[in-house]
Amino acid sequence: MGFQAVKFYQTGTFTVGNRLLAPDERSLQSVETRSNSINSGHRACQGCGEALGARYAIDAAMAESNNQLIAANATGCLEVFSTPYPESSWQVPWIHSLFGNAAAVATGIAAAMKVKGRPEVRVVAQGGDGGTTDIGFGCLSGMFERNDDVLYICYDNEGYMNTGVQRSSATPPAARTATTMPVGPEPGNVFGQGKNVPEIAMAHGIPYVATATVADLRDLEYKVRKAMKMHGARYIHIFVPCPLGWGTASHDTIRMARMAKESGTFPVFEAEYGEVTGVLKIRHKIPVEEYMKPQRRFAHLFGKNAHPETVARIQAIADRNIRKYGLLEDEGN
Amino acid sequence: MPNKPFAITLKPGTSLANLTGTWRTTRPVYLDRLPPCNNACPAGENIQGWLFHAESGDYEQAWRVLVQDNPLPAVMGRVCYHPCEGACNRGQLDSPVGINSVERFLGDEAIKLGWKFNAPATASGKKVLVVGAGPSGLSAAYHLARMGHQVEIHEAGPLAGGMMRFGIPKYRLPREVLDAEVQRILDMGVTLKLNTKVENIALSMKQHGFDAAFLAVGAHIGKRTFIPSGDAAHIIDAVSVLRSMEGEDKPMLGRKVIVYGGGNTAIDVARSVKRMGAEPIVVYRRTRDKAPAHDFEIEEALQEGVMIKWLSTIKQADAGAITVEKMALDDKGYPQPTGEFETLEADSVVLALGQDVDLSLLEGVSGLEIVDGTVQVSPNMMTGHPGIFAGGDMVPSERTVTVAVGHGKKAALNINAWLNDATYEPAPKHELAGFDKINPWYYSDADKTVRPMLDIIRRQTSFDEVQGGLDETNALFEARRCLSCGNCFECDNCYGVCPDNAVIKLGPGKRFKFNYDYCKGCGMCATECPCGAIKMVPEET
Ligand SMILES: Cc1cc2nc3c(=O)[nH]c(=O)nc-3n(C[C@H](O)[C@H](O)[C@H](O)COP(=O)(O)OP(=O)(O)OC[C@H]3O[C@@H](n4cnc5c(N)ncnc54)[C@H](O)[C@@H]3O)c2cc1C
Ligand SMILES: Cc1ncc(C[n+]2csc(CCOP(=O)(O)OP(=O)(O)O)c2C)c(N)n1
Ligand code: SF4
Ligand code: SF4
Ligand SMILES: [Mg+2]
């Protein structure tokens, strides 16, 4: 992968920092002067992956743009927990308009900066999976197609969390949500539906598409910084577990993201102009069951009325990801 | 905010007014847990603590932290059986940290670079007698001197070291190393009187006005067993053989040497004899897995060409030959005779069946309790006689150099308290940092560095040191394999993973603290701390 593995130190490649590393080898999040784009006092749930992922990503974008950054934000938890009028946690110029038009708003800001002769000012748009893969999809596809100079970041918590955990087109099969209840012969969300927006973004042939998780900070920072070095339409899809919506312990958010990656459920890769250029390999492969079991949204698949055949179908999806992206060390890519 | 964004004109209310810390039901707290290595070290070393400094390449500081507990690191790095490594959490990941090899590296650096101990505390005016200059006596003398007491060691032998010199062979512990570490202790102002056997402890104390005494005379009387033997049979005990290796006159054992016993002493004798050109055969009544000798020592002996007859006892010894009977293990694992005999050529038989303590110096001392030939001591290392403390091989123990050193330190702490009419209260032990407290994800894969071994021909023919040391780069690598169990090593994880920016980084060496105004108590920091230095505790209501 693109970030440098730290040699000879026990930790450093995987930890946030390391007292023994030279300052330029540390992650941005380990530095006291990180911009803390979202300040303390926000109202996200305990252990919110989205709040964490947003700070990781926007701090990196701030650093790479020399703090010359404007963020457009779709409606969703990220907006609601950060900015209940008249307060805001954002320590970057930040604009919210609607649930479905963050990409278009960002396109407009980028155009305005161009007209004003401020090429140094960079623009990000951000939204949840609902705002991105469902209602905001038209605006997003347009932004891609026109190759507007915007980095769009999707925080994927696999559902409409802000309104009470409804299904989105990023909700995994079999998961329980308020609108996909665990009843009937195939309980939870149906198989065979939903969208893979990173792949759809790649199909637009835009300069840069990447996926990342809150469990792989070094990789995430590397990708945001790389994206910010480029121009044109760029898309980063960050996997951010939601303790409330998934029914997981608040302290397990990063663990969940790690297990999603290590099981092959969530492939972590990057692509340029529609072609995959790198994948983050699985370090210690685990079965999907290990990832799913701690989540209450999958509880109906285990225990008394278990559905092992459903778990097997989800395992098959993970196996397909592993094959397709070459996620295991020996399988190559 | 360090960098004010360019376009902020209005002053929106900041969310800092919203003290989300009020949501908390459990709070994270930083703590130091007890690393399993420290917990297992018989000398009570702060292993994780000194590895921490070695990791950053500050070897002198590492050594200084080490010698707060143990004044003999170069010796330890060679002869200690390192129970720390058996307990090391890293063993559950790949292989334990090579603690012992890093310790040896530090000890050797100290000798090479001439590091000295810090000057002792101001003189207390108290005089303590230490009997025996083995590891236990030396350790006690060192710690007592550091506390400012005047220490005199009375040693019966011609040189200091005890079994480190007259038991453990040179090929495992070169004498220059031992001499250097002993000298460094004496340089603190400890008086060593050689060739001074204490015949009567009460008398010696009274004569010279000692306020307290620490006895560490070891166990030097070779145990005997009855073997029917002809007049011409040459039977000798292991301790005498090893002792004479140190002198001018090497022992006359002949070519075929039978060593009777299965402990480390038996193996040491056999390997020494092999180096003198003889052909040793170890005879032991049980099997290899039941032998008290450490398996790696048996392995090394076999590599060097030492023969071992398992499941055999000596029935009869005559001039030039012995008769052994084959044994078989019964259901309970005890060896039973089979009635099958064999004759082996034998110019001499060396008995390595363990040692007893010479208690003659204790004659007439009141209040002592002797069980199975060892002196009983209370948890503060004091014998039944006030002011007389004891440790090492002469008290019930595992009989290792490391245990002896640990006894010396513990006794010194208690003697110090006793001299001040106080009792020594050890600090309460921290809770253990077991493997369940570690988040192994964060540690890269890195296998243990293996120490070089001397080539086999030189091992069979010379007393050169068998095991080599690590050099600077691989010692550093090895130190950095440490997981820092239970103790913050400033990896910044808590600082990074808090979704509420509620961790304050205090700067290098100062660790972190929580900002409880905003900490919601999600517990992510505790789960993602690699080494288990954060604990969640219920919030008081
Ligand atoms: C062959 C052999 C190999 C060993 N190998 C190892 C090993 O690899 N690792 C390990 O950890 N342990 C090993 N041991 C065990 C270890 O050497 C002992 O446990 C340790 O030395 C005990 O220390 P001590 O201070 O109690 O006694 P000792 O080391 O026995 O020292 C006692 C000292 O007291 C002196 N003394 C005795 N009586 C008097 C008196 N009346 N007045 C004055 N001085 C007196 C003696 O001369 C001696 O110097 C080995 C033992 C043997 C025999
Ligand atoms: C046009 C419109 N429809 C519905 C809503 C209500 N609404 C607000 S946030 C949200 C869901 C957000 O889900 P997602 O984008 O995944 O963000 P999350 O809250 O999960 O982070 C919905 C349905 C809205 N604000 N506007
Ligand atoms: S509902 Fe989920 S995404 Fe929203 S604030 Fe809570 S944890 Fe974060
Ligand atoms: S990893 Fe380090 S601290 Fe933990 S037991 Fe091993 S040596 Fe001790
Ligand atoms: Mg969502």
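Modeller: A polar contact is a pair of N or O atoms within 3.5 Å; within protein, one must be able to donate a hydrogen and the other to accept it, and residues adjacent in sequence count only if both atoms are side-chain atoms. The model is predicted: local features need pLDDT of at least 70, side-chain atom pairs count only at pLDDT 80 or more, and totals for chains, interfaces and linings use all residues, while side-chain values use heavy atoms and leave out hydrogens and water. Residues are numbered from 1 along each chain as its sequence is written, and chains are lettered from A and ligands numbered from 1 in the order in which they are written.

Colleague: How many residue pairs are in polar contact across the interface of chain B and chain A?

Modeller: The rule finds 29 such pairs, with both residues at pLDDT 80 or more. On the side of chain B that touches chain A, H17(B) gives the largest share, four residues. The residues of that side divide into 25 nonpolar, 15 polar and 12 charged.

Colleague: What makes the meeting of Arg19(A) and Glu55(B) a salt bridge?

Modeller: A salt bridge requires a side-chain nitrogen of Lys or Arg within 4 Å of a carboxyl oxygen of Asp or Glu. The N to O distance between these side chains is 3.6 Å, and the pair therefore qualifies. Across the interface, the rule finds two salt bridges.

Colleague: What area is buried between chain B and chain A?

Modeller: About 4900 Å² is buried, and carbon and sulfur atoms give 52% of it. Buried area is the accessible area (1.4 Å probe) that two parts lose on being put together, summed over both.

Colleague: Why is Val401(B) said to make a polar contact with ligand 1?

Modeller: A polar backbone atom of Val401(B) is 2.8 Å from an oxygen atom of ligand 1, and the pair counts because the limit is 3.5 Å. For Ser136(B), a backbone N or O atom lies 3.0 Å from a ligand 1 oxygen. Pro135(B) also has a polar backbone atom 3.4 Å from an oxygen atom of ligand 1. The protein covers 94% of the 1000 Å² of accessible area (Shrake-Rupley method, 1.4 Å probe) that ligand 1 has on its own.

Colleague: How do you know that Asn157(A) is in polar contact with ligand 2?

Modeller: An N or O atom in the side chain of Asn157(A) is 3.1 Å from an oxygen atom of ligand 2, and the 3.5 Å limit is therefore met. For Cys77(A), a backbone N or O atom lies 2.9 Å from a ligand 2 oxygen. Taken alone, ligand 2 exposes 580 Å², of which the protein buries 73%.

How values were computed
Helices (H or I, at least four residues) and strands (E, at least two) are DSSP runs, numbered from the N terminus. Ala, Val, Leu, Ile, Met, Phe, Trp, Tyr, Cys and Pro count as nonpolar, Asp, Glu, Lys and Arg as charged, and the others, Gly among them, as polar.
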